[in-house]
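Visitor: I'm new to this structure and would love a close look at a single part of it. Could you take the aromatic rings and walk me through how they sit together?

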Amino acid sequence: MNRPAVPPQDYSVNPFIVIWEVTRACALKCLHCRAEAQYRADPNQLSPEEGKALIDRIALMNPPLLVFTGGDPLMRPDLFELARYAIEEKGLSVSMTPSATPRVTHSAVEKAKEVGLSRWAFSLDGSCAEIHDHFRGTPGSFDTTLRGIGYLQELGIPIQINTTVSRYNLQDLQAIAERVKQMGAVLWSLFFLVPTGRAAQKDMIDADEHEAVLRWLYETGQRMPYGVKATEAPHYRRVATQMAQEKTHTASQKLSDLPKTAPPGFKRTDVLGRAPKGVNDGDGFLFISHVGDVYPSGFLPLRCGNVREQALEDIYRESDIMRNLRDKSQLKGKCGVCEYKRLCGGSRARAYAVTGDYLASDPVCAYIPQVWRGEQET
Ligand code: SF4
């Protein structure tokens with residue numbers, strides 16, 4: 001089948017990134033686990049043959065970046081064969097998010113290197129063992145993470161650090177940012193907690209705290225050698241736009257004094273490019289569960305179809321839920337009238353988790369749209 005000739009930024013046709021939960025099996029018991037992972041794999045999870053067939057479908061969709069998540073991907077015995085198939089035979093860029101357990105061995109990291117993994121992501125939810133291990137529900141997880149990062153550094157695999165932002169680590173973010181720098185990561189990805197799975201609403205930071213963290217994150221991204229990314233906080237794009245405008249305004253009289261670009265070599269090389277425009281649940285972003293159910297994201301539990309019954313691309317392009325999510329005119333409340341709705345659109349997963357309506361306003365955005373302030377949209 002020929003690939004459709006569409007621009008990469010047309011998310012109504014193809015996603016930018018596909019997350020596949022290759023298994024739900026995991027040895028950890030993280031407080032906020034989206035998947036409510038279990039120790040044993042579900043006997044109904046996609047088989048090796050079904051996994052390859054799924055990769056075939058994914059490769060037809062432009063193709064997007066592919067992320068193997070879990071559970072713990074390393075609990076899947078055919079993980080590296082699936083990765084090899086996706087990379088060597090289908091030309092996909094593959095990264096994965098293994099749990100920090102004794103399965104992260106030097107030999108596992110060597111296999112990842114051999115098959116050409118683009119990036120390995122570890123979770124780091126605290127700058128020290130006390131905070132991180134509490135969050136992960138497993139003593140020793142912090143030390144295991146550091147050991148795994150050592151293997152990645154030794155073998156030259158690009159490192160991504162994922163941090164779930166919650167009440168547990170709000171005061172520790174600055175220290176984590178420094179740790180991420182020491183680890184030599186190319187990307188720090190912050191997940192803003194969505195109260196789904198094992199994550200409770202009381203653990204979520206409030207709107208003003210989100211605003212403060214997002215502003216701080218923008219500044220951090222400017223001065224650190226790694227890139228930063230916000231997941232389930234699309235209002236980061238609104239904050240970044242506002243802060244860039246503020247800076248231009250403040251600096252306008254002395255613009256000639258400013259360097260035109262970052263110094264050469266300042267940012268660590270990231271082989272995986274960034275999205276041509278912001279992604280949101282079901283809008284450039286697609287999630288496939290361990291049994292083949294398709295969702296707009298792993299945090300938005302609205303089943304749109306199953307790859308055992310329907311082609312993946314048809315589910316992504318035609319499902320009513322996916323289409324509604326891409327149609328920003330359907331947003332309600334504050335997000336519906338916001339002048340940033342096409343750039344941002346709010347976290348659809350959080351709107352659903354808190355209100356039961358996936359088109360409602362994101363409840364943790366502090367911004368008041370212009371029309372609510374009685375100003376005209378420009
Ligand atoms: S009101 Fe909604 S669309 Fe506007 S910035 Fe906030 S979350 Fe984004």
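Guide: Let's begin with Tyr226, which counts as buried because its relative accessibility is 0%. Please keep in mind that this is a predicted model. Tyr226 sits in the loop between helix 7 (207–223) and strand 7 (227–231), while Trp188 belongs to strand 6 (residues 187–192), so their pairing ties together parts that are 38 residues apart in sequence. Trp188 counts as buried too, with a relative accessibility of 0%.

How do two such rings face each other? A pair of aromatic rings is described by the distance of the centres and the angle of the planes. For Trp188 and Tyr226, the ring centres are 6.3 Å apart and the planes stand at 85°, which makes the pair edge-to-face because planes over 60 degrees apart are counted that way. The two also have company: together with Trp216, Trp188 and Tyr226 form one aromatic cluster.

Now let's widen the view. The count of aromatic pairs in this model comes to eight. Another one of them joins Phe135 and Tyr168, with ring centres 5.6 Å apart and planes at 80°, so this pair is edge-to-face. Here, too, distant parts of the chain are linked: Phe135 lies in helix 4 (residues 129–136), Tyr168 lies in the loop between strand 5 (159–165) and helix 6 (173–182), and 33 residues separate them. Are these two partners buried or exposed? Phe135 has 1% relative accessibility, so Phe135 counts as buried. Tyr168 has a relative accessible area of 32%, so Tyr168 is partly exposed.

An aromatic ring can also have a charged neighbour, as you can see at Tyr316. The charged end of Arg326 sits over the ring of Tyr316, 4.5 Å from the ring's centre.

Finally, have a look at helix 2 (residues 79–89), where aromatic residues appear among the buried ones. Phe80 and Tyr85 are buried there, and so are Leu79, Leu82, Ala83, Ala86 and Ile87. What do the buried residues of helix 2 pack against? Their partners are three strands and two helices: strand 1 (17–21), strand 2 (65–69) and strand 3 (94–96), along with helix 1 (48–59) and helix 3 (106–115). After helix 2 comes Gly91, which has a positive phi, near 70°.

Conventions. Residues are numbered from 1 along each chain as its sequence is written. This is a predicted model: local features need pLDDT of at least 70, side-chain atom pairs count only at pLDDT 80 or more; totals for chains, interfaces and linings use all residues. Side-chain values use heavy atoms; hydrogens and water are left out. Buried means under 20% relative accessible area, exposed over 50%, partly exposed in between (1.4 Å probe, protein chains only). Helices (H or I, at least four residues) and strands (E, at least two) are DSSP runs, numbered from the N terminus. Contact means heavy atoms within 4.5 Å. Rings of Phe, Tyr and Trp (its six-membered ring) pair if their centres lie within 6.5 Å; planes under 30 degrees apart count as stacked, over 60 as edge-to-face and the rest as tilted. A charge sits over a ring if NZ of Lys or CZ of Arg is within 6 Å of the ring centre and within 35 degrees of the ring normal.
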